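Hello,

Here is the structure I promised to pass on to you. Have a look at it first, and then read on for what turned up when I went through it.

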Amino acid sequence: MDEWTEVGCGVNNEKNSMNTQVDRVMDLSEWKDRWQEGRIGFHQLHVHKMLESNIEKILCGRKGVQVFFPLCGKAVDMKWLADMGHSVVGVEISEKGIKQFFEDQNLNYSEELVPDIPGAKVFKSTDGKISLYQCDLFKFSSAITGKFGGIWDRGSLVAINPCDRQRYATLISSLMDQDCRYLLDTLQYDPELCRGPPFFVPDEDVENLFGKTCDIQLLDSADAFTDKHREWGLDYLIEKVHLLTPKVK
């Protein structure tokens, strides 16, 4: 979670309550500004360890899986999966973030408008394996790319404004193919000590958001607390990864 210091967490002069997180709203323009100013401490330089250790839970031996990355930023995980032969679709509000991804990975790409999403663009690697849509996530739909066999949600649900969580869950559920394997990364800490993002997402919220449509399995739980988090005023930090699969109809 130390990768989020430049976003919302840190030592607070005033004690916040959970209600403060519930009411916390970040406008899309704020995220764009952070990219423009290079305040992207949430970006990781290496493939996420919990994705790496649980990748077969997504793939299940399947080849050529179409994997969705909500709020993808310039995650190196996308290139890692594409190099395995899978196709990657990401959505990101920052055009700068998307272009940086292709530049950082030394990938040639094309750029075109998306007729079904006014004002949106899609950036595609020349080999066709990676397509990144620059738009508001909530304007994206399965009508654009079809449904997905896999989803990696690291830093998306925990970044979505809490008031939009149900809307987010509805969107993600609509993007899941019947054989989809959705890997969801969440963070748990004392929300009175951090206004977010990243936001506190308890297991109960995961169940309330997705329990009606998906079977939910906790795959991994790790103590992610460091001296950095103690300096912020936090007293613990737990990172969890859940596997969500559509219920059999």
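Let me begin in one of the loops: Cys60 sits between helix H3 (49–59) and strand S1 (66–70). Please keep in mind throughout that this is a predicted model. Although Cys60 is not a glycine, its phi is positive, at about 50 degrees. With a relative accessible area of 43%, Cys60 is partly exposed.

Asn106 has a backbone of a similar kind to look at: its phi is near 55 degrees, a positive value in a residue other than glycine. You will find Asn106 in the loop between helix H5 (95–104) and S3. Asn106 has a relative accessible area of 71%, so it is exposed.

Now for the overall picture. The protein has nine helices and nine strands. Of its 249 residues, 51% count as buried. Taking the contacts with a separation of 6 or more, 71% are between residues 24 or more positions apart.

How do H7 and H8 pack? Helix H7 (residues 165–175) and helix H8 (residues 203–210) meet at an angle of about 55 degrees, and their axes are 9 Å apart. That angle makes H7 oblique to H8, because it falls outside the ranges for roughly parallel, roughly antiparallel and roughly perpendicular. The crossing of the two helices, H7 and H8, is right-handed. On the H7 side the contact is formed by Arg165, Gln166, Ala169, Ile172 and Ser173, and on the H8 side by Asp205, Asn208, Leu209 and Phe210. Sorted by type, the residues in this contact of H7 with H8 are four nonpolar, three polar and two charged.

The loop between strand S7 (176–188) and H8 deserves a visit too, and Arg195 is one of the residues in it. Arg195 is partly exposed, at 34% relative accessibility. In sequence Arg195 and Gln21 are 174 residues apart, yet their C-alpha atoms are 5.5 Å apart in space.

Phe199 lies in that loop between S7 and H8 as well. Is Phe199 buried or exposed? Its relative accessibility is 0%, so Phe199 counts as buried. Leaving aside neighbours within four places in sequence, Phe199 is in contact with Gln21 and Arg24, with Val158, Ala159, Ile160, Asn161 and Pro162, and with Arg165, Leu187 and Tyr189. Gln21 therefore turns up twice in this loop: it is a contact of Phe199, and its C-alpha is 5.5 Å from that of Arg195. Arg165, another contact of Phe199, is also one of the H7 residues that meet H8. As for Leu187, it is twelve residues from Phe199 along the chain, and the two C-alpha atoms are separated by 7.3 Å.

Leu187 comes up again with Ala224, which is 37 residues from it in sequence and 9.1 Å from it in space, C-alpha to C-alpha. Ala224 is in the loop between strand S8 (214–223) and helix H9 (227–232). Its relative accessible area is 19%, which means that Ala224 is buried, given that the cut-off is under 20%. Beyond its neighbours within four places in sequence, Ala224 is in contact with His229, Leu237 and Glu239.

Pro118 belongs to another loop, the one between strand S3 (109–113) and strand S4 (121–125). At a relative accessible area of 72%, Pro118 is exposed. Pro118 and Lys139 have 9.1 Å between their C-alpha atoms, with their positions 21 residues apart in sequence.

Last, the cysteines. How many disulfides are there? The count comes to zero. For Cys214, the nearest cysteine sulfur is that of Cys180, 7.9 Å away, and Cys214 is in no disulfide. Cys214 is buried, with a relative accessible area of 3%. Cys163, on the other hand, counts as exposed, at 53% relative accessibility.

If you open just one region, I would suggest the loop between S7 and H8 that holds Phe199.

Best wishes

Technical notes. Residues are numbered from 1 along each chain as its sequence is written. This is a predicted model: local features need pLDDT of at least 70, side-chain atom pairs count only at pLDDT 80 or more; totals for chains, interfaces and linings use all residues. Side-chain values use heavy atoms; hydrogens and water are left out. Axes are lines fitted to C-alpha atoms, for helices over the stretch in contact, and angles run from 0 to 180 degrees between N-to-C directions. Helices (H or I, at least four residues) and strands (E, at least two) are DSSP runs, numbered from the N terminus. Angles under 35 degrees count as roughly parallel, over 145 as roughly antiparallel, 65 to 115 as roughly perpendicular and the rest as oblique. A crossing is left-handed if the near helix is turned anticlockwise from the far one by less than a right angle, and right-handed if clockwise. Contact means heavy atoms within 4.5 Å. Ala, Val, Leu, Ile, Met, Phe, Trp, Tyr, Cys and Pro count as nonpolar, Asp, Glu, Lys and Arg as charged, and the others, Gly among them, as polar. A disulfide is a pair of cysteine sulfur atoms within 2.5 Å. Buried means under 20% relative accessible area, exposed over 50%, partly exposed in between (1.4 Å probe, protein chains only).
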